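Please look through the model shown below with an eye to how its cysteines are connected and to the strands around them. The paragraphs that follow take these two topics in turn.

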Amino acid sequence: MQPSEVVMNPKQVFLSVLLFGVAGLLLFMYLQIWIEEQHTGRVEKKREQKATSGWGPVNYLQPVPRIMTREKTQEHINDKNFKFHMPAVSEEKQKNLLHSERSTRVLTETSHSQGEGPHLGKTTESPKIKLIEKHQGAKTLSKKFREMNWPLDVRPLNKSLVKDNKWTRTDATQEKRRSFLQEFCKKYGGVSHPQSHLFHMVSRIYVEDKHKILYCEVPKAGCSNWKRILMVLNGLAPSAYNISHDAVHYGKHLKKLDSFDLKGIHTRLNTYTKAVFVRDPMERLVSAFRDKFEHPNSYYHPVFGKAIIKKYRPNACEKALNNGSGVKFKEFVHYLLDSHRPVGMDIHWEKVSKLCYPCLINYDFVGKFETLEEDANYFLQLIGAPKELKFPNFKDRHSSDERTNAQVVRQYLKDLTRTERQLIYDFYYLDYLMFNYTTPFL
């Protein structure tokens, strides 16, 4: 029989296939084990490299929020018997509302390195030593922040630079405002350690290093002219009267406190003169509405206006839905009070208690829009500003419009129900109480 004529019977074919199958399975299992070993080796090698290189992602700062007792808080606040003139509301409601205002964000400090920390030169030390030193430095800053007394210690105003006796009445008013705010926070503050991210807490505070000023920006309370003053004090302009609106708000000439590292923030909070200027919450709200929705605006109309009209105006026309112009005050109020807003909050109508944290950062100076020029010029005396520098009194934009005052506010509120007016008051409840504003519009 020729070799080509050899024929395998079915039994032989089956055995051959079985042997090939077993051999293939064994080869597959071997390859799988080899691949896993190679992968594990690479992972371990990468981990080792990260541990010695210092470039891996390391979460340096992750402190646990502390709760300080009321007794401990009282050690850091002056005990003054100042009488309150608050609306008749129960203490329990005030405490509940104050606690509800606190941010629920967990306090996790991040490592910002904008030049405040020590600069290390070139070194021949190993990367592992560098990593350890960096980690220890971050831990030290984190510990300092955790050990800060919250609220920050109350310091008396330095009045050594005030030479004129005409400020006696203004100074007395200022002391009453400071005492009132401190007593309020002492009575209803409760927790003395911040539960919000530190860098967020100070994100609205502007820094002027030459005169050691921290100014917390409250929009619609004279902030544009205050920024002009800070620019002049910084030497960026000779006069506040020739600085444009765009240069003030979009020029990025001024530094904010959150641009510094933890050490820079800590030092400035404890040594600089801290100021905040506030305004009657209802007036501030109406002023913000008039500015952003009654004049052409390439941001607020498409971003806020369209969303507000879409949700709160039945049978809105296509033009209004497309450009977001013509928002009515009542619609704006419905948006403000809606717990499910179609678009988020904005600093122009956000509460001062959430912009400046006045019960955690003890402000040395509390100015009011209602006495803006007087308060601002007294403050300039306190910090030793040039004698010729006066706070500007011009209207930043829409100068032909009447300033928003109590009479103007009443015109806007007449279209609201009493319940809606009460709900606005409830929304700004803390601001009314902290800064001792009455409620004439209810």
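If the bonded cysteines of the chain in this predicted model are numbered in sequence order, they pair as 1-4 and 2-3. A search of the whole structure finds two disulfides, and each can be followed from its sulfur atoms outward to the parts of the chain that the bond connects.

In one of them, Cys 185 is bonded to Cys 359, with an S to S distance of 1.9 Å. Because the torsion about this S-S bond is about -85°, the disulfide of Cys 185 and Cys 359 is left-handed. Cys 185 belongs to helix α5 (residues 168-188), whereas Cys 359 sits in the loop between α14 (352-355) and β5 (365-368), so the pair ties together parts that are 174 residues apart in sequence. Both Cys 185 and Cys 359 are buried.

The other disulfide is formed by Cys 216 and Cys 356, whose sulfur atoms are 1.9 Å apart. Here the torsion about the S-S bond is about -95°, and therefore the disulfide of Cys 216 and Cys 356 is left-handed. This pair links distant parts of the chain, 140 residues apart, with Cys 216 in strand β2 and Cys 356 in the loop between α14 and β5. Cys 216 and Cys 356 are both buried.

What of Cys 223 and Cys 317? Cys 223 has a relative accessible area of 7%, which is under the 20% cut-off, so Cys 223 counts as buried. Cys 317, in contrast, counts as partly exposed because its relative accessibility of 46% falls between the limits of 20% and 50%.

Cys 216 leads on to the surroundings of strand β2 (residues 213-216), which is covered on both faces: Ile 213 and Tyr 215 on one side, and Leu 214 and Cys 216 on the other, are all buried. Which strands does β2 pair with, and in which sense? Strand β1 (residues 205-208) runs antiparallel to β2 and is joined to β2 by four bridges, and within this pairing Val 207 stands opposite Leu 214. The hairpin of β1 and β2 has four residues between the strands, and in this hairpin Lys 212 takes a positive phi near 55°. With strand β4 (residues 273-278), by contrast, β2 pairs in the parallel sense, again over four bridges, and there Tyr 215 has Ala 275 of β4 as its bridge partner.

How values were computed:
Residues are numbered from 1 along each chain as its sequence is written. This is a predicted model: local features need pLDDT of at least 70, side-chain atom pairs count only at pLDDT 80 or more; totals for chains, interfaces and linings use all residues. Side-chain values use heavy atoms; hydrogens and water are left out. Buried means under 20% relative accessible area, exposed over 50%, partly exposed in between (1.4 Å probe, protein chains only). Helices (H or I, at least four residues) and strands (E, at least two) are DSSP runs, numbered from the N terminus. Two strands pair if DSSP finds at least two bridges between them. A disulfide is a pair of cysteine sulfur atoms within 2.5 Å.
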